[in-house]
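Please examine the sequence and the predicted model shown below. The report that follows begins with a single side chain and then turns to the wider fold.

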Amino acid sequence: MAAHANDQPFVVVLAVDPSEHSEFTFKWYLKHIHQPGNQLHIVHVPEYWGDVARIMTPGKLHEMYEMTKRETERLRQNYIEWSMQHGVEDAKFAHPHGHDAWHEIVKYAEKVGAGVIVIGSRGQGKLKRTFLGSVSDSVLHHSHVPVVVCRNKDAQH
C-alpha cells in the first residue's frame, strides 16, 4: 500500500471533525493502515453557515464564522502535531468549504488522487441517520475510491 506501480505515493484522505470519533479514527489509521511512503491528507470541512445567514444578525453571523475559523485552525494544529509525533512529517491539512461535507470530502479525494478515504462514524442508529443524514454514509455511497468507515464501539453515544 506504500506506492502505486508508477512509484507515486499511495494517497490517503482522512476526514476529521472536532469529535472524539475523529481522534479515534486518526489513531486507528496510524495503527492499522499507515505505511511509510503513504501521503496523508487530513481533511476537515468547516461548518456551513449559508443556510442560516439570512436569519442571523450580521454580528452573530460574523461571530459564528470566526468561531468556525478558530476551530478549524485548532484542528489543523492538533492533527499536524499528532502526525509529526507519529512520524508522518509530511501530512497535509485541507479545509475545503461547501454546503455538504460529504461532497467536499469526495471532491477533494478525487482532486488529490486518493487511493482510499478513511472516515469515522458516530454510530448513529437508523432513525437518527434517516432524519439527520450521515456524512460517512454519503461518502461511502458517492466515492469512486474505497472508503474505510471506522467506528469506536466503546464510545458512549
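In this predicted model, the side chains of His41 and Gln39 are joined by a polar contact of 3.0 Å. A further polar contact, of 2.7 Å, links the side chain of His41 to the side chain of Tyr108. His41 belongs to strand 2. Is His41 buried or exposed? Its relative accessibility is 5%, and because buried means under 20%, His41 counts as buried. Apart from neighbours within four places in sequence, His41 is in contact with Val11, Val12, Val13, Leu14, Lys92, Tyr108 and Val112.

**The chain as a whole**

The chain contains 5 helices and 5 strands. Along the sequence, these elements follow the pattern β-α-β-α-β-α-β-α-α-β. Of the 157 residues in the chain, 39% are buried. Among contacts in the chain with a separation of 6 or more, 74% are between residues 24 or more positions apart.

**The nonpolar cores**

The largest nonpolar core has 18 residues. Which of them touch the most other members? They are Val12, Leu14, Phe26, Tyr29, Leu40 and Ile42. Two or more residues of this core are given by each of strand 1 (11-15), helix 1 (20-32), strand 2 (39-43), helix 2 (58-85) and strand 4 (116-121). A second core, separate from this one, consists of 15 residues, including Ile105, Ala109, Ile117 and Ile119.

Leu40 may serve as an example from the largest core. When residues up to four places away in sequence are not counted, Leu40 touches Val12, Leu14, Phe26 and Tyr29, and also Ser83, Val88, Asp90, Ala91 and Lys92.

**Residues brought together from separate parts of the chain**

The table lists three pairs of residues with the separation of their C-alpha atoms.

| Pair | Distance along the chain | C-alpha separation |
|---|---|---|
| Phe24 and Asn152 | 128 residues | 6.9 Å |
| Asp17 and Ile119 | 102 residues | 9.7 Å |
| Val145 and Ala114 | 31 residues | 7.2 Å |

Phe24 lies in helix 1. With a relative accessible area of 28%, Phe24 is partly exposed. Residues up to four places away in sequence aside, Phe24 touches Cys150, Arg151 and Asn152.

Val145 is located in the loop between helix 5 (135-142) and strand 5 (147-151). Its relative accessibility is 23%, so Val145 counts as partly exposed. Beyond its neighbours within four places in sequence, Val145 is in contact with Ala114, Gly115, Val116 and Ile117.

Asp17 is placed in the loop between strand 1 and helix 1. The side chains of Asp17 and Ser19 are joined by a polar contact of 2.6 Å. Leaving aside neighbours within four places in sequence, Asp17 is in contact with Ser22, His44, Leu75, Tyr79 and Arg122.

**Empty space in the model**

Empty space can be located by rolling a probe the size of a water molecule over the atoms. How many cavities of 30 Å³ or more does a search of the whole structure find? The search finds 1 such cavity. The largest cavity has a volume of about 40 Å³. Asp17 is one of its lining residues, together with Pro18, Ser19, Glu23, Arg74, Leu75, Asn78, Tyr79 and Trp82. Helix 2 supplies the largest share of this lining, with 5 residues. By type, the lining of the largest cavity divides into 4 nonpolar, 2 polar and 3 charged residues.

Pockets may be described in a similar way. The second largest pocket holds about 200 Å³ of space. Its lining is formed by 14 residues, and those nearest its centre are Pro46, Thr68, Lys69, Thr72 and His97. Which element gives the most to the lining of the second largest pocket? Helix 2 does, with 6 residues. The lining of this pocket comprises 5 nonpolar, 5 polar and 4 charged residues.

Helix 2 thus appears in several parts of this description. Helix 2 gives two or more residues to the largest nonpolar core, provides the largest share of the lining of the largest cavity, and gives the most to the lining of the second largest pocket.

Methods: Residues are numbered from 1 along each chain as its sequence is written. This is a predicted model: local features need pLDDT of at least 70, side-chain atom pairs count only at pLDDT 80 or more; totals for chains, interfaces and linings use all residues. Side-chain values use heavy atoms; hydrogens and water are left out. A nonpolar core is a set of buried Ala, Val, Leu, Ile, Met, Phe, Trp, Tyr and Cys residues joined through side-chain atoms within 4.5 Å. Buried means under 20% relative accessible area, exposed over 50%, partly exposed in between (1.4 Å probe, protein chains only). Helices (H or I, at least four residues) and strands (E, at least two) are DSSP runs, numbered from the N terminus. Contact means heavy atoms within 4.5 Å. On a 1 Å grid over the protein atoms alone, a cavity is a set of points where a 1.4 Å probe fits but cannot get out, and a pocket is an open set with protein on both sides within 12 Å along at least five of seven lines; lining residues have an atom within 4 Å of a point. Grid points are joined across faces, edges and corners, and a volume is the space filled by probe spheres set on the points. Ala, Val, Leu, Ile, Met, Phe, Trp, Tyr, Cys and Pro count as nonpolar, Asp, Glu, Lys and Arg as charged, and the others, Gly among them, as polar. A polar contact is a pair of N or O atoms within 3.5 Å; within protein, one must be able to donate a hydrogen and the other to accept it, and residues adjacent in sequence count only if both atoms are side-chain atoms.
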